[in-house]
Amino acid sequence: MKAVSLVYSAFVPHPPIVVPEIGRGQEEICGSTLEAYREVAARVAQAKPETVILVSPHAPLLEEGISVLVNGEVRGSFADFGVPDLSLAFPNDGRLVESLSRGLPRVLRRQGELDHGALVPLYFLERAGWRGKVVLLSMPWREPERYGAEIGRILRAGTEKTALVASGDLSHRLREEGPYGFDPTGPQFDQAIVSGLKGNPAQIGQIPAETVEQAGECGYRSLRLALAAQEGMREVLSYEGPFGVGYLVAELYHSSPLPRWARLCLTEYVKGGDPTALPEPEEAEFQQRRGCFVTLKKDGELRGCIGTTQPYRQNLASEILYNALAAGTEDPRFWPVKKEEVAELTFSVDVLGELEKVTGLGQLDPWHYGIVVSRGGRTGLLLPHLEGVDTVEDQLRIAKQKAGISPESPVEMWRFEVVRHFE
């Protein structure tokens, strides 16, 4: 299978009070954040990255570009928060620092220490059992999506397993007794972020600049960078603001072996081999029986998508194999994939849940449920969380269109949940 470099990304807050040695019991006031933080740290540790890239808004910010620590060892302490004996040190990933310095625009290489925007996430990672190399980047003030996309490209060209952790707090203006008082824009900004992560993430980058400014945040750009580095199945683990500051813990991406298996099968086929002769993956997730869709993209644009709503093969591994071949060679909207194209494609696999009959539009949600429509023997299916399909009406109209059913015709409808897996 293709080597995977970026294996996990997340967005986490950095209030020192959540560190028990600093909070001394006060951390329990934000218990949801503490529990979610420990969960994300455990997931990172389980992914076993050799390097963690930290993007911190409290590293020196530049008007243009970003900074990166070049120390042989990156270290820092919580002395500024009353605990001078609590310190952390990690080897710097010099190889990755050089790759980022060459590949990113306007990089300032500097000596320095870890700031608390990096120390708080690293504290939880170390307590979860992770030990590895660290790269500290400042948050880009301009063009965060550009930096995120370039970082993703650089990581995909590598072979070492890497995690990306974007650090930042949301609005500091949620309560009158908070650090900057109350502004109604604060809760609105935070809700827009949480809603975007649960629904359409493209909306996050469209928040007006004046709203961002009034909200008094310090993590908006680091979040946008992380979202642009790698498309993923996002999960909001917790959000709260007990001290007048918004604390969000969210998983943004984790790699999966399912699309890597799809890539291997299609690669073998277009090279003239027999993918059915490949050793089948042994992991338990491949042994379940589920319908699935395999989606291919090239330069961000659809290049093929074929699937099954119900399982037809003996297990998911076989289901993925045949759907990957069909997506690459039988989608009538596209020419068959050529062997020299495969390396340019991205693969994702949607694993479908059970179909549920619905009787009204109120039971649908285009960012949570896929839809199947049927009338007179004609059937159309549309997967959930698709860019540009933001409303139930959009979803229903497109599903009818795919089935060749007129927009005004009544239809039977089913919904289904999907777990989308990315390389």
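In this predicted model, the search for enclosed space turns up 1 cavity of 30 Å³ or more. The largest cavity has a volume of about 60 Å³. Its walls are built from A10, V12, Y37, V40, A41, V44, P121, F124, L125 and V165. Sorted by class, that lining comes out as 10 nonpolar residues, with no polar and no charged ones. Three elements each put at least two residues into the lining of the largest cavity: strand 1 (6–12), helix 2 (31–47) and helix 4 (116–127). Helix 2 gives the most, with 4 residues.

Next come the pockets, which are open rather than sealed. The second largest pocket holds about 310 Å³ of space. Helix 7 (209–215) and helix 8 (220–229) are the elements that give two or more residues to its lining. There are 17 lining residues in this pocket, and W141, V212, E213, E217 and R221 are the ones that lie nearest its centre. The lining of the second largest pocket divides into 9 nonpolar, 3 polar and 5 charged residues, whereas the lining of the largest cavity has no polar and no charged residues.

Stepping back to the whole chain, the fold has 11 helices and 17 strands. Along the principal axes, the C-alpha trace spans about 70 × 50 × 40 Å. How does the radius of gyration sit with a compact globule of 423 residues? Such a globule would have a value near 22 Å, and the protein chain has 23 Å, which agrees. Of the 423 residues, 55% count as buried.

The cysteines are quickly dealt with. A disulfide is a covalent bond between the sulfur atoms of two cysteines. The count here comes to 0 disulfides. The sulfur of C292 has its closest cysteine sulfur in C305, but the two are 10.0 Å apart, so the gap is too far for a bond; the cut-off is 2.5 Å. Seen from the other side, C305 is in no disulfide either, and the nearest cysteine sulfur is that of C292. C292 is buried, with a relative accessible area of 0%, and C305 is buried as well, with a value of 15%.

Two acidic side chains make polar contacts from buried positions. D93 is found in the loop between strand 5 (83–91) and helix 3 (94–103). With a relative accessibility of 2%, D93 counts as buried, and its side chain reaches the backbone nitrogen of L96 at 3.1 Å. E423 lies in the segment after strand 17 (412–422). At 14% relative accessibility, E423 also counts as buried, because the cut-off for that class is under 20%. The side chain of E423 makes a polar contact with the side chain of R263, at 2.6 Å.

Several loop residues deserve a look too. E64 sits in the loop between strand 2 (51–56) and strand 3 (66–69), and R106 sits in the loop between helix 3 and strand 6 (107–110). Although E64 and R106 are 42 residues apart along the chain, their C-alpha atoms are separated by 7.0 Å. E64 is partly exposed, with a relative accessible area of 39%, and R106 is partly exposed at 39%. The backbone of R106 has a phi near 55°, a positive value in a residue other than glycine.

Another positive phi turns up at E143, where the angle is about 55° although the residue is not a glycine. E143 lies in the loop between strand 7 (133–138) and helix 5 (144–156), and counts as partly exposed at 37% relative accessibility. Q203, finally, has its place in the loop between helix 6 (185–198) and helix 7. Q203 is partly exposed, with a relative accessible area of 40%. In sequence, Q203 and I193 are 10 residues apart, while in space they are 8.3 Å apart, C-alpha to C-alpha.

Technical notes. Residues numbered from 1 in each chain as written. Predicted model: local features only at pLDDT ≥ 70, side-chain atom pairs only at ≥ 80, totals over all residues. Heavy atoms only, no water. Buried < 20%, exposed > 50% of the residue type's maximum accessible area, 1.4 Å probe, protein only. Polar contact = N/O pair within 3.5 Å; in protein donor to acceptor, adjacent residues only side chain to side chain. 1 Å grid on protein atoms, 1.4 Å probe; cavity = no way out; pocket = protein on both sides within 12 Å on 5 of 7 lines; lining within 4 Å. Points joined across faces, edges and corners; volume = space filled by probe spheres on them. Nonpolar A, V, L, I, M, F, W, Y, C, P; charged D, E, K, R; others polar. Rg over C-alpha atoms; globule rule 2.2 N^0.38 Å.
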